[in-house]
Amino acid sequence: MRVQIMTDMEGVSGIVAWEQVNGGESMYEEGRRLYTEEINAAVRGAAAAGATEIVVVDCHGAGGPWTFNSLVPELLDPRCEWVAHHTWSRYVDMLESGCDAVLLVGMHAKAGTADGVLSHTISTVRWRHLWFNGQEVGEVGVNAALCGFYDAPVLLVTGDEAVCRESIDLLGEGLTTVAVKKGLSRYAARQIPPVRARQLIEEGARYALQNLAAVPPYALSSPTTITFDVGSPDHLDAFRGRPGVRLEPPYRVHSVGDDWMAAWNQIWHW
Ligand SMILES: [Zn+2]
């Protein structure tokens, strides 16, 4: 069984502030240890479930050389390999070659979620809301759509209660979720301490991988329309004149493609 674990930092137990997830800040070193140990918990669960190949993909943009490079290498469980510093949502080697299941660990809720700890969608300033075929999604939706394009199901989501709720709404009741904190605002949470959170994640990963058919791959119907709002009107300029793309000033962009990947390629520029 080949398992890909896609990871973000904002949904980790103990993390409630940007200073804990932005590279170079004084609290970041603590944050990345908390992050790495939650990933290890998912690796242990996947290994216990019989995974023979486990690839961790760091998807957290921490800024500068830390971007997609926040895991502490010497702490990582030796049973995984990990992808660092790769462009966001573009690592597809494992998906292309046949991935049985994807686990999303440390996720955060989409932009505008009142009880979503550190909630945002892709960028806190350049993007706001995002829709796939009219359904609003956050980064869980983007990751699930990427995996779904390659027919791989997302079976586990961990993070705060808000992202767990969002993920079940999107992917269905067959999804296993582990909430490690309950957001009280964007920057406050009632939390489960990391030691217990890791136990829950390990158990959740192991449980989720018992049934690879529990969640169907998130495949968007064809043609696929991707719509999003930029953070300010001048940000529309980056999308002007692109094939398949229509601007709706002051904020909105529509991209229509034969499938999700085609529509995504027309607007994804990072
Ligand atoms: Zn992140």
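**Reading helix H5, the domains and a hairpin**

The buried residues of H5 pack against helix H1 (28-48), strand E4 (101-107), strand E7 (154-160) and strand E8 (176-185). The model discussed here is predicted.

Student: Which residues of H5 are called buried, and what makes a residue buried?

Tutor: A residue is called buried if 20 or more other C-beta atoms lie within 10 Å of its own. In H5 the residues that meet this cut-off are Ala 197, Arg 198, Ile 201, Glu 202, Gly 204, Ala 205, Arg 206 and Ala 208.

Student: What is the span of H5, and what span is expected?

Tutor: The expected span is 1.5 Å times one less than the number of residues. For H5, residues 194-208, with 15 residues, that gives 21 Å. From first C-alpha to last, H5 reaches 20 Å, close to the expected value.

Student: Why does the radius of gyration of the protein chain agree with that of a compact globule?

Tutor: The rule is 2.2 Å times the number of residues to the power 0.38. For 270 residues it gives a value near 18 Å, and the protein chain has 17 Å, so the two agree. Along the principal axes, the C-alpha atoms fill a box of roughly 50 × 40 × 30 Å. Buried residues account for 48% of the 270 residues.

Student: Where do the domains lie in the chain, and how many residues of each are in contact with the other?

Tutor: Domain 1 covers 2-208 and domain 2 covers 224-267. Two residues are in contact if their C-beta atoms lie within 7 Å. By that criterion, eleven residues of domain 1 are in contact with eleven residues of domain 2. On the domain 1 side, strand E5 (127-132) and helix H3 (139-149) are the elements that give two or more residues. E5 gives the most, with six residues. By class, this side of domain 1 has seven nonpolar, two polar and two charged residues. The centres of the two domains, taken over C-alpha atoms, are separated by 26 Å.

Student: What makes E11 and E12 a pair of strands, and what joins them?

Tutor: Two strands pair if there are at least two bridges between them. Strand E11 (residues 245-248) and strand E12 (residues 252-257) are joined by four bridges, so they meet the definition. The two strands run antiparallel, and Val 245 stands opposite Ser 255 in E12. A hairpin of three residues joins E11 to E12.

Key: Residues are numbered from 1 along each chain as its sequence is written. This is a predicted model: local features need pLDDT of at least 70, side-chain atom pairs count only at pLDDT 80 or more; totals for chains, interfaces and linings use all residues. A residue is buried if 20 or more other C-beta atoms lie within 10 Å of its own, exposed if 12 or fewer, and partly exposed in between; C-beta atoms are placed from the backbone. Domain bounds come from an automatic or database domain assignment. Ala, Val, Leu, Ile, Met, Phe, Trp, Tyr, Cys and Pro count as nonpolar, Asp, Glu, Lys and Arg as charged, and the others, Gly among them, as polar.
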